[in-house]
Amino acid sequence: KGKQFLEYFQMPTDNWPNKGKERLGNYNLYDWFDAKVSFQKKIIYAFLEIQWRLNIKRKPIKEFSTLYGGSTWWTLSADCLNYVIRFLENHPNFLKKFNFSFCSEEILFQTIIVNSPYKKRLVNDNLRYIQWEERNGSCPAILDETDFENIKKSDALFARKFDKLHSNKLLGQIKSSKGFN
């Protein structure tokens, strides 16, 4: 019905550590090194530490006066996505400014769309049921049967995370429920 579903918030934000400033304000090496590997993670953080100590900062993005961030999960129309693609084709330097940034996909889409004509049709909701807490060995939480009622009450069309070990009973509840047709 012409609506776009995208979680967004203005940056800097209290939703992210250091208000999200290091995501675009520092050079991040996550494209070259894997932060899940201890030695490589040390390299990433050492490089950031050097930048902080020497007060090295990237030039700010000037295409928009306000940047926005949010979830990588969204439900957007083909029309809206084509707008984003055309914008990036027409502004290649804008896209280059996201090189060596941290989780740029959580800023790029929101910034373009919230600063576009599509803002009038935006619903600040990603339609995902996600529990941002440590549970069942993961953050976000791996969902289990204790989430069933909350999922059912939510307006979410999607949910994450599931796994066979912890989510089997929940998946059975969902499959047998009349509220999930």
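Select Asn18, which sits in the loop between E2 and H1. This is a predicted model, and the tour begins with the backbone of that loop. Asn18 is not a glycine, yet its phi is positive, at about 55°. Extend the selection to Lys19, another residue of the loop between E2 and H1. Lys19 is likewise a residue other than glycine with a positive phi, near 60°. Its relative accessibility is 35%, so Lys19 counts as partly exposed.

**Two cis peptide bonds**

Remain in this part of the chain and select Met11 with Pro12. The peptide bond that joins Met11 and Pro12 is cis, with omega at about -5°. Pro12 belongs to the loop between strand E2 (9-10) and helix H1 (21-25). Then select Cys139 and Pro140, which are also joined by a cis peptide bond, here with omega at about 5°. Pro140 is placed in the loop between strand E6 (128-130) and helix H6 (148-153).

**The sheet**

Next, display the strands E4, E1 and E5. These three strands make up an open sheet, in the order E4-E1-E5, and their pairing is mixed. At the edges are strand E4 (74-75) and strand E5 (122-123), each of which pairs on one side only. Select strand E1 (residues 4-6) together with E5: the two run parallel and are joined by two bridges. To locate a bridge, select Phe5, whose partner in E5 is Val123.

**The nonpolar cores**

Turn now to the interior. In soluble globular proteins, nonpolar side chains tend to be buried together. The largest nonpolar core here has 25 residues; those that touch the most other members are Leu88, Phe94, Phe98, Leu108, Ile112 and Ile113. Helix H3 (78-90) and helix H5 (108-114) are the elements that contribute two or more residues to this core. The greatest contribution comes from H5, with five residues.

Which residues surround Ile112 once its neighbours within four places in sequence are left aside? Select Ile112 and show its contacts: they are Phe64, Tyr83, Val84, Phe87, Leu88 and Phe94. A second core of six residues is separate, and among its members are Tyr129, Leu143, Phe148 and Ile151.

**Salt bridges**

Over the whole structure, a search finds seven salt bridges. Begin with Glu106 and Arg23, whose closest N and O atoms are 2.6 Å apart in a salt bridge. Glu106 is in the loop between helix H4 (92-96) and H5, while Arg23 is in helix H1, so this pair ties together parts that lie 83 residues apart in sequence. Are these two partners buried or exposed? Glu106 has a relative accessible area of 18% and is therefore buried. Arg23, at 6% relative accessibility, also counts as buried.

Select next Lys97 and Glu63, whose side chains meet in a salt bridge with an N to O distance of 3.2 Å. This pair too links distant parts of the chain, with Lys97 in the loop between H4 and H5, Glu63 in the loop between H2 and E3, and their positions 34 residues apart. Lys97 is partly exposed, with a relative accessible area of 29%. Glu63 is partly exposed as well, at 32%.

Move on to Asp147 and Arg135, which form a salt bridge at 2.9 Å, N to O. Both residues lie in the loop between E6 and H6, so the pair ties together parts that are twelve residues apart in sequence. Asp147 and Arg135 are both buried. Add Glu133 and Asp144 to the selection: salt bridges that share partners join Glu133, Arg135, Asp144 and Asp147 into one network.

**A nonpolar surface patch**

For the last stop, display the surface and select Tyr27, Phe47, Ile50, Leu54 and Ile56. Together these residues form a nonpolar patch with about 440 Å² of accessible area. One of its members, Ile56, is located in the loop between helix H2 (38-53) and strand E3 (68-69). Ile56 has 34% relative accessibility and therefore counts as partly exposed.

Finally, select Gln51, a residue of helix H2. Its relative accessible area is 2%, so Gln51 is buried. Apart from neighbours within four places in sequence, Gln51 is in contact with Asn26, Tyr27 and Ile56. Two of these contacts, Tyr27 and Ile56, are members of the surface patch.

Technical notes
Residues numbered from 1 in each chain as written. Predicted model: local features only at pLDDT ≥ 70, side-chain atom pairs only at ≥ 80, totals over all residues. Heavy atoms only, no water. Patch = residues over 30% accessible without salt bridge, like charges linked within 9 Å, V, L, I, M, F, W, Y side chains within 5 Å. Areas by Shrake-Rupley, 256 points an atom, 1.4 Å probe, with all protein chains shown as cover. Salt bridge = Lys/Arg side-chain N within 4 Å of Asp/Glu carboxyl O. Helix = DSSP H or I, 4+ residues; strand = E, 2+ residues; numbered from the N terminus. Buried < 20%, exposed > 50% of the residue type's maximum accessible area, 1.4 Å probe, protein only. Contact = heavy atoms within 4.5 Å. Core = buried A, V, L, I, M, F, W, Y, C linked by side-chain atoms within 4.5 Å. Pairing = 2+ DSSP bridges.
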